[in-house]
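Me: Could you take a close look at one part of this model with me? I would like one connected answer that starts from a single residue.

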Amino acid sequence: MKLTPRVATYDTTLRDGAQQQSVSFTVEDKLAVARILDHLGVTYIEAGWPGAIPKDTEFFARAASELSLATARLVAFGSTCHPGTAAEKDPQLRGLLDSGAPVITIVAKSDPAHVERALRTSGEENLRMVADSVGLLVAAGREVMVDLEHYVDGVARDPRYGIELALTAARAGASAVIPCDTNGGSLPGTVAAEISRLRAALDAAGHEDCVVGIHTHDDSGLAVAAAMAAVEAGARQVQGCVNGFGERTGNANLLTLIANLELKTGYQALAGDSQERARRLAELSAVSRTVGEIANRAPSGRLPYVGSKAFAHKAGLHASAIKVDPNLYQHVDPARVGNTMTMLVSEMAGRASIELKARELGIETGGDKELLARVTEVVKGREAAGYAYDAADGSFELLLRQALGQLPQYFRVESWRASVTARPAAGQEILPEDGATVTDSEATVRMWVGGRRLAVLGEGNGPVNALDHALCDALATAYPEIRAFELTDFKVRILDSERGTHAIVRVLIDITDGERSWSTVGVGTDIIEASWEALTDGHVVGLLRAGVEPR
């Protein structure tokens, strides 16, 4: 039986990924992410720089007793010893050993320009630093890998030095050397050529067992492509971050690399046999969302494989083909990566798009061509007026149910009113001129709910917030389920800015009940009117999806 060739997956979300602006992991966060990655089946989890960063030192101390990894090996990251310092006397290397991590990756300068300008030392001393540092860590019983920083740019200036550095690391006992496209500017062909040249040099020197890896950044939008090219050229380890986290434009997206390797090549990227790997791969989208939630950075809907829009279809021509065979416009079955196909309804939609979207929402149209044609025309007309149903599945569901005569009436609105009062600060008689105006916002909603007429006053941070409070307080008297609904996003767009203050406004809101999420849209001549439409529709959708009957 022929074994599937393995490419080790090395996740650096918790170290390199944390260098992204606004991303910061607590120790608890790191423990949670490490468990998620281990369950996914990656090979290595680089978790930080113990000894240099107190939070990372704490993480490794706690990991020793709180983490039980089934598939992954925990990696501590650091650097070589300092110029002129013996490895055994370097406190930074001592911190790496004290972490207890079974694997240690050290970064070394492989570009002579960086050695001379940044380290301010000689190329020979840099080779000594690598040899002594790797030797010390290997002698302590650790698996050691060396990141060759600025490798791809460096060999363009000096074709020999980077290879000599890699050979030095291999001779000292490094299990892997990882060329880095640190600035993210190299083309895939260039990366592949240098990986091939390095692999050949290691083999010629008798270091066939030393793995060549690849570490790419996305500054040219080619991080994944370059890493895939490197694998074809002989790399057997890929480094990256969940959702492409990382400094500047990010690192290679490890989830994309995993999916590419497992689905597009003959390489194995996750732990286990074929069935186990298929199960792990089906968790890929959930991993993207969960790690994004922990990092408080919602994943882009346009991420390959795992994004909410990765398998979304909008054009009517596409929908007609997909109705016949989904694979006609999808490169893989979305279920294989834990995702789903989504139909977007817009002015580009035809009857097939409407029918498929209805089916996605669990609504049976019975193939009624007249109904589908009527809904299609309504959608196109309303989108021409400013509505955006491709971004508001909840509003489309209401429109469709209304056309089918299946829209329950949970309440009737008699009137609503919102106001803002600006007043002088305490002890002042007129409003301030610096813009620091004190305002009070309130709203009144008069509506019939649960067989009763209510007039409810709401206060809030601005008129829309006040209106939302009044609406929720009124609805909760008959529908306490409303209290579980939470507004998670509120977006406003001016549709015809050339009309100035007479412009049409579109409001899109996202609501969740903790388990499901939905979006609704409102359009009006002012932000309050548009917000009211989106808010009321949002609560109706929530009640519908919770299975609540009118009371």
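Is methionine 129 buried or exposed?

Reply: Happy to help, keeping in mind that this is a predicted model. Methionine 129 is buried, because its relative accessible area is 1% and the cut-off for buried is under 20%. This residue sits in helix H5, which covers residues 123–139. Leaving aside residues up to four places away in sequence, methionine 129 is in touch with Thr80, Cys81, His82, Pro83 and Leu119. For a sense of distance, take tyrosine 387: 258 residues separate methionine 129 from tyrosine 387 in sequence, and their C-alpha atoms are 63 Å apart in space.

Leu119 also leads us to lysine 109, since Leu119 is among the residues that lysine 109 touches. Lysine 109 belongs to strand S4 (residues 103–109). With 18% relative accessibility, lysine 109 counts as buried too. Its further contacts, again without residues up to four places away in sequence, include His114, Val115, Ala118, Asn126, Tyr161 and Leu165. Glu149 is another residue that lysine 109 touches, and here the side chains of lysine 109 and glutamate 149 make a polar contact at 2.8 Å.

If you would like to look at a pocket as well, try the second largest one, with about 500 Å³ of space. Its lining has 22 residues, with Leu398, Leu399, Gln402, Leu407 and Asp537 lying nearest the centre. Helix H15 (369–384), helix H16 (393–404) and helix H18 (527–545) each give two or more residues to that lining. By class, the lining has 14 nonpolar, four polar and four charged residues. The second largest pocket lies between domain 2 (312–385) and domain 3 (411–424 + 439–546), because both give residues to its lining.

Note on methods: Residues numbered from 1 in each chain as written. Predicted model: local features only at pLDDT ≥ 70, side-chain atom pairs only at ≥ 80, totals over all residues. Heavy atoms only, no water. Helix = DSSP H or I, 4+ residues; strand = E, 2+ residues; numbered from the N terminus. Buried < 20%, exposed > 50% of the residue type's maximum accessible area, 1.4 Å probe, protein only. Contact = heavy atoms within 4.5 Å. Polar contact = N/O pair within 3.5 Å; in protein donor to acceptor, adjacent residues only side chain to side chain. 1 Å grid on protein atoms, 1.4 Å probe; cavity = no way out; pocket = protein on both sides within 12 Å on 5 of 7 lines; lining within 4 Å. Points joined across faces, edges and corners; volume = space filled by probe spheres on them. Nonpolar A, V, L, I, M, F, W, Y, C, P; charged D, E, K, R; others polar. Domains from an automatic or database assignment.
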